[in-house]
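Student: I would like a close look at one part of this model, with its surroundings filled in. Please keep the steps short.

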Amino acid sequence: MNRSSSYIKMKQWFWMIFGLMVIGLSTGQETLKRPNTNADLESQTDENSDGEEIIICEHADSLKIYRPDENTEVTVLTGKVRIKMTNGFLNAQKVTMFKDIATDTYQRTLAEESVELKDKDIFANCHQATINHIDNTIDLKKQVVVIQEDDRLEADHFIFNRVTGERIGEGNVKFRVRIRSTNPSELSITNGTNNDSNSRTGE
């Protein structure tokens with residue numbers, strides 16, 4: 001009798017403890033914050049109005065984060081990296097981001113190999129691109145091709161200031177620009193008007 005009663009009590013204790021564990025787990029799950037989906041991240045990028053630049057990694061084959069020293073945190077993305085930025089995108093085989101730990105801000109982003117970069121109305125291809133988040137400049141190197149609307153520039157080195165709009169190309173520079181001239185018919189009309197006014201003045 002004692003053995004059977006103790007066995008029943010053990011079973012009761014077991015099921016009671018198990019029930020409490022299940023209740024605790026379910027309650028914890030309900031209070032967990034729902035993680036951001038891709039749609040949420042995209043809306044955050046599109047709706048950002050605080051002057052901050054938001055960078056979202058949409059794809060990479062691998063990720064590594066380490067601290068080479070006590071002041072810097074390095075994030076390395078490799079393999080068909082696709083990044084969405086506030087004003088465009090950045091694609092490359094390797095992207096390295098350097099963050100200052102003290103200020104918790106990213107100092108620069110380095111993209112290497114098969115780089116495709118879009119920033120506002122500028123689209124560029126090159127071997128290496130450095131985005132300096134401190135002085136807002138973009139530095140492109142090796143086999144650089146920059147397209148802006150109908151204009152095209154090729155160079156070994158190209159620097160673009162995102163604030164002032166200043167552009168500097170160096171080394172084997174090739175430049176094509178479309179110059180929009182006035183319609184010949186408009187010129188003839190203008191010249192005719194000028195001739196008429198001149199003849200009247202001469203009278």
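How many cavities of 30 Å³ or more does the structure hold? Which residues line the largest cavity, and which elements give two or more residues to that lining?

Tutor: A caution before the details: this is a predicted model. The structure holds 1 cavity of 30 Å³ or more. About 40 Å³ of space lies in the largest cavity.

Take the lining next. Leu117, Asp119, Ile122, Ala124, Ile138, Leu140, Phe158 and Phe160 line the largest cavity. Four elements give two or more residues each to this lining: strand E5 (105-119), E6, strand E7 (137-148) and strand E8 (151-161).

Now place those strands in the chain. There are 3 helices and 10 strands. From the N terminus on, the order is α-α-β-β-β-β-β-β-β-β-β-β-α. Of the 203 residues, 24% count as buried. Look also at contacts between residues at least 6 apart in sequence: 31% of them join residues at least 24 apart.

Go through the lining strands one at a time. E5 comes with a backbone detail. Glu113 has its place in strand E5. Its phi is positive, about 70°, although Glu113 is not a glycine. Is Glu113 buried, exposed or partly exposed? Glu113 has a relative accessibility of 43%, so it counts as partly exposed.

The loop between E5 and E6 has a similar entry. Lys120 lies in that loop. Lys120 also has a positive phi, near 55°, and is a residue other than glycine.

E6 leads to an aromatic pair. The count of aromatic pairs comes to 1. Phe89 and Phe123 form it: the pair is tilted, at 6.3 Å centre to centre and 55° between the planes. Phe89 lies in strand E4 (residues 88-100) and Phe123 in strand E6 (residues 122-132), so the pair ties together parts that are 34 residues apart in sequence. The angle matters for the label: tilted covers planes that are neither under 30 degrees nor over 60 degrees apart. Are these two rings buried or exposed? Neither label fits. Phe89 has a relative accessible area of 26%, so it is partly exposed. Phe123 counts as partly exposed too, because its relative accessibility is 27%. Buried would need a value under 20%.

E8 is followed by a link to a later strand. Glu170 is found in strand E9 (residues 167-170). Glu170 and His157 are 13 residues apart in sequence, yet 5.1 Å apart in space, C-alpha to C-alpha. Leaving out residues up to four places away in sequence, Glu170 touches Ala155, Asp156 and His157. At 41% relative accessibility, Glu170 counts as partly exposed.

Contrast the cavity with the open space. About 550 Å³ lies in the largest pocket. That pocket is lined by 21 residues, and the closest to its centre are Glu52, Glu53, Ile54, Ile55 and His133. The elements giving two or more residues to the pocket lining are E3 and E5. E5 thus appears in both lists, for the cavity and for the pocket.

E3 brings in Glu73, found in this strand (residues 72-85). Is Glu73 buried or exposed? Glu73 has a relative accessible area of 13%, so it is buried. Its side chain has a partner: a polar contact of 3.5 Å joins Glu73 and Arg67. Not counting residues up to four places away in sequence, Glu73 touches Ile65, Tyr66, Arg67, Met97, Phe98, Lys99 and Ile101. Asp104 makes a further reference point: Glu73 and Asp104 are 31 residues apart in sequence and 9.3 Å apart in space, C-alpha to C-alpha.

Two aromatic neighbours of Glu73, Tyr66 and Phe98, each have a charge over the ring. Lys64 lies over the face of Tyr66, at 5.1 Å from the ring centre. The charged end of Arg108 sits over the ring of Phe98, 4.0 Å from its centre.

Back to the part you asked about. The largest cavity has about 40 Å³ of space, and E5, E6, E7 and E8 each give two or more residues to its lining.

Key:
Residues numbered from 1 in each chain as written. Predicted model: local features only at pLDDT ≥ 70, side-chain atom pairs only at ≥ 80, totals over all residues. Heavy atoms only, no water. Buried < 20%, exposed > 50% of the residue type's maximum accessible area, 1.4 Å probe, protein only. Polar contact = N/O pair within 3.5 Å; in protein donor to acceptor, adjacent residues only side chain to side chain. Contact = heavy atoms within 4.5 Å. Phe/Tyr/Trp six-rings, centres within 6.5 Å; stacked < 30°, edge-to-face > 60°. Lys NZ or Arg CZ within 6 Å of the ring centre and 35° of its normal. 1 Å grid on protein atoms, 1.4 Å probe; cavity = no way out; pocket = protein on both sides within 12 Å on 5 of 7 lines; lining within 4 Å. Points joined across faces, edges and corners; volume = space filled by probe spheres on them.
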